[in-house]
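Reader: Hey, can you walk me through this one? I'd like to go site by site.
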Amino acid sequence: MLVSQTRAIGVEGLNVEFYTPRGALRAVNDVSFEVYEGESLGIVGESGSGKTTLASAIIRVLPSNARSWGRVTVYGKDLGSMSESQLNREVRWRVISYVPQASQNALDPLYRVGDQFVETVRAHTDMSEKQVLEKASELLKHVGVDPSKLNSYPWELSGGQKQRVMIALALLLSPKIVILDEPTTAMDTIIQAQILEMFRQLKQFERLTTIFISHDISVIANVADRVGVMYAGRLVEIGPVEDVFGRPLHPYTQGLLRSVPDIRRKDGSFGYIPGSPPDLVNPPSGCPFHPRCSYAVEICRKLMPPMELYAKDHYAACHVISSRKDLGLG
Amino acid sequence: MSDDNHVLAANGLQVYFRVKVGGKRANVRAVDGVTLGLERGVSTGVVGESGSGKTTLGKALMKLVKPTAGSVLFKGKDVSKLSRSEFKKYRRSVQMVFQDPFDSIDPLFTVHDAVAEGLRILGVYSDRAELDQAVYRALETVRLVPAEDYAKRRITSLSGGQRQRVGVARAIAMNPEVVILDEPVSMLDASVKGEIINVMGQLKSVGKTFMMITHDISTVRFFTERVAVMYLGKVVEVGPTDEVVNEPLHPYTQALVAAVPVPDPSQKVKSLAQGEIPNAIAPPPGCRFHPRCPLAQEICRREEPLLREVRPGRYAACHFAQ
Ligand SMILES: Nc1ncnc2c1ncn2[C@@H]1O[C@H](COP(=O)(O)OP(=O)(O)O)[C@@H](O)[C@H]1O
Ligand SMILES: Nc1ncnc2c1ncn2[C@@H]1O[C@H](COP(=O)(O)OP(=O)(O)O)[C@@H](O)[C@H]1O
Ligand code: SF4
Ligand code: SF4
Ligand SMILES: [Mg+2]
Ligand SMILES: [Mg+2]
């Protein structure tokens, strides 16, 4: 692994609130983490846990009914202090690219693939049309798409090909960081495996820093060096992927891991977490997981547990971890 | 592979859909010669990528689509030749739970309305109190309790997991012998999938025969004893689920299994098949899998491999399987 100590992204106390007819909805709640140059940080959580909102807040493309506060830095630069046009000129596509959820369906059906490359980056680069197309065909080769597809229309491509095109597009201006939101969701397993394999090769080749978002723990296990687990807008655990999935500390992470079907196993019962995630307009007091947590004690209903370090690089936010003997900590 | 032990079976079943492509008529060969029986009390999985014909096979077994050729046998009898009363029995005995059962539901529909619908149509109970009791029993089976409270709720007010359980309750209320589940948990979040799988697992233990259609082999591994693998309208492998998953014989099954991610970072997926599933209008000649198969030889382009018993109880349709 080529992880350096250079901090590519810093997120500090990030919050996002949506205005909804029912009241304010806190989709991202006091989230802090770092991403180091060359690493792949996985973000995992069930639907509605705030993953997409977190990604949009980092790159500042939130919908108009949202307001956010907290700090996001990219290579030390505070994005909050930049104007929209400065972000477009200096940051988006050139330093960070974002591949939104289901973005392969957003390709304009009226334009050929090559034109989409040219149009998309026009505002962000001085490259000529010819240069863009040359770079695009080189990138398409890397992601396993025949460069002749630059002349095709989106509807002439399969779902897997379109997703590869979106990844190539994100790489066009040689960004250092790429944020991918559910890039393999809704794909068949064989196509997903092709994309995951391609992604691993690409990372080695381009030495990219990535944030890879998925609701699927097993997908994250395939691509991440470190992983953060989200629940109800909060980051509840973060650490090296081997530790978080091998020795999970937070009761939610533990429950989630027990619920994942594992093709290698056929034993006991299929785990699940009783209940369902909370309504974020009226979230539970204290720890948001307490209504579903079998370890909950009195304090959990009153106080949000702070994120604390329990093992090397391995943090979790839960009141009872230090008193649980089954976790084998110190 | 169709005998008296089979509650429900497809026999040489073909389902073609007529479509127009660029003004010309064509056939989508959704199911193209499938013979597969559901043994009483045994759960069978049907797996394969989307577009392989799984849902169409399920619908044909329910007689919701008309076979182009071949037949569906209910307890050994061709369902297109049943008497009125026999047909009514079959309608009640074979139930299907769809992927998103309340996708386009009337917003006023209550859980009671949904669960009672089938019973009403077939006029199973003439007495209102009896009907209510049947509805409550079904809701209790899927652990939507207190059933009386859930029965009054609108479907639209339920979470995804609860809706899916209503879908199962609605099938169970008919007291069927066979339940066909189409991607029963694919849309659900990980933390709630297990609850539904466990509910259905209990129905297995009371002797219901399940067919579980899904692209998720991990769930099939857990839930079923037998599995059939479909590719472009054909069954390419059948056998005991454990054996098929541990040692798949058909190259397509091998690719499917190797592509399944596991929650362990030390084990990565492998991509063994190239490209994507072709169009079912013009399937490739010879072995339909040959353009993607890493082991394809000359013969595969010309000759279609038949499903044969490669090892005792293990069937595969590949020239080279052994
Ligand atoms: N534009 C919006 N307006 C109001 N609420 C929203 C909007 N976008 C997302 N949300 C809500 O924010 C929460 C987090 O959503 P999202 O970030 O999409 O989660 P995830 O990506 O983890 O599924 C959910 O409760 C969702 O309903
Ligand atoms: N009503 C229909 N009309 C035309 N084509 C159809 C229809 N239903 C399904 N198909 C086609 O039949 C093939 C098999 O579909 P389906 O049975 O839904 O597969 P699966 O459930 O395995 O994804 C696909 O190519 C699909 O597009
Ligand atoms: S803080 Fe309390 S409720 Fe929250 S996860 Fe820990 S034990 Fe459970
Ligand atoms: S018959 Fe040939 S192409 Fe088909 S699966 Fe076997 S080896 Fe592959
Ligand atoms: Mg999302
Ligand atoms: Mg289907």
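Author: Sure. One bit of wording before we start: Ala, Val, Leu, Ile, Met, Phe, Trp, Tyr, Cys and Pro count as nonpolar, Asp, Glu, Lys and Arg as charged, and the others, Gly among them, as polar. Also keep in mind that this is a predicted model.

Reader: Got it. So how do the residues around ligand 4 divide into nonpolar, polar and charged?
Author: The shell around ligand 4 has 10 nonpolar and 3 polar residues, and no charged ones.

Reader: And which residues are the closest to ligand 4?
Author: Cys287(B), Cys293(B), Cys300(B), Cys318(B) and His319(B) are the closest, out of 13 residues that surround ligand 4.

Reader: OK, switching to the metal. What coordinates the magnesium ion, ligand 5?
Author: Two side chains of chain A: Thr52(A) through OG1 and Gln101(A) through OE1, at 2.0 to 2.3 Å. Thr52(A) belongs to helix H1 (residues 51-59) of chain A, while Gln101(A) is in the loop between strand S6 (96-99) and helix H3 (113-121), so the pair ties together parts that are 49 residues apart in sequence.

Reader: Why does Thr52(A) count as partly exposed?
Author: Because its relative accessibility is 31%, and partly exposed covers the range between the 20% limit for buried and the 50% limit for exposed. Gln101(A) has a relative accessible area of 40% and is partly exposed.

Reader: Let's do ligand 1. Which residues come nearest?
Author: Gly48(A), Lys51(A), Thr52(A), Thr53(A) and Asn65(A), from the 15 residues around ligand 1. Thr52(A) is also one of the magnesium ligands.

Reader: What polar contacts does ligand 1 make through its oxygen atoms?
Author: Among them, one runs to a polar backbone atom of Ser49(A) at 3.2 Å, and another to a polar backbone atom of Gly50(A) at 3.0 Å. Thr53(A) brings in a polar side-chain atom, 2.5 Å from an oxygen atom of ligand 1. Taken on its own, ligand 1 has 560 Å² of accessible area, and the protein covers 68% of that.

Reader: Which element gives the most to that shell around ligand 1?
Author: H1(A), with 3 residues. S1, S2 and H1 of chain A each supply at least two. By class, the shell around ligand 1 is made of 5 nonpolar, 8 polar and 2 charged residues.

Reader: Now ligand 2, over on chain B. What's closest there?
Author: Gly51(B), Gly53(B), Lys54(B), Thr55(B) and Thr56(B) are the closest of the 13 residues surrounding ligand 2.

Reader: How far are the contacting atoms of Gly51(B), Gly53(B) and Thr56(B) from the ligand 2 oxygens?
Author: A polar backbone atom of Gly51(B) is 2.7 Å from an oxygen atom of ligand 2. For Gly53(B), a backbone N or O atom lies at 3.0 Å. For Thr56(B), a side-chain N or O atom sits at 2.5 Å. The protein covers 62% of the 560 Å² of accessible area that ligand 2 has on its own.

Reader: And which elements give two or more residues to that shell?
Author: Strand S1 (6-21), strand S2 (24-39) and helix H1 (54-61) of chain B. The largest share, 3 residues, comes from H1(B). By class, the shell around ligand 2 has 5 nonpolar, 6 polar and 2 charged residues.

Reader: Last topic, the sheet in chain A. What's the strand order?
Author: S2-S1-S4-S5, in an open sheet of 4 strands with antiparallel pairing. Strands S2 (23-36) and S5 (77-78) stand at the edges with a single partner strand each, so one side of each has no neighbour in the sheet.

Reader: How many bridges join S1(A) to S2(A)?
Author: 10 bridges, with strand S1 (residues 7-20) antiparallel to S2(A). In that pairing, Ile9(A) stands opposite Val35(A) in S2(A).

Key:
Residues numbered from 1 in each chain as written. Chains lettered and ligands numbered in written order. Predicted model: local features only at pLDDT ≥ 70, side-chain atom pairs only at ≥ 80, totals over all residues. Heavy atoms only, no water. Near = heavy atom within 4 Å. Donors = N, O, S within 2.8 Å, 3.2 Å for Na, K, Ca; no water. Buried < 20%, exposed > 50% of the residue type's maximum accessible area, 1.4 Å probe, protein only. Polar contact = N/O pair within 3.5 Å; in protein donor to acceptor, adjacent residues only side chain to side chain. Areas by Shrake-Rupley, 256 points an atom, 1.4 Å probe, with all protein chains shown as cover. Pairing = 2+ DSSP bridges.
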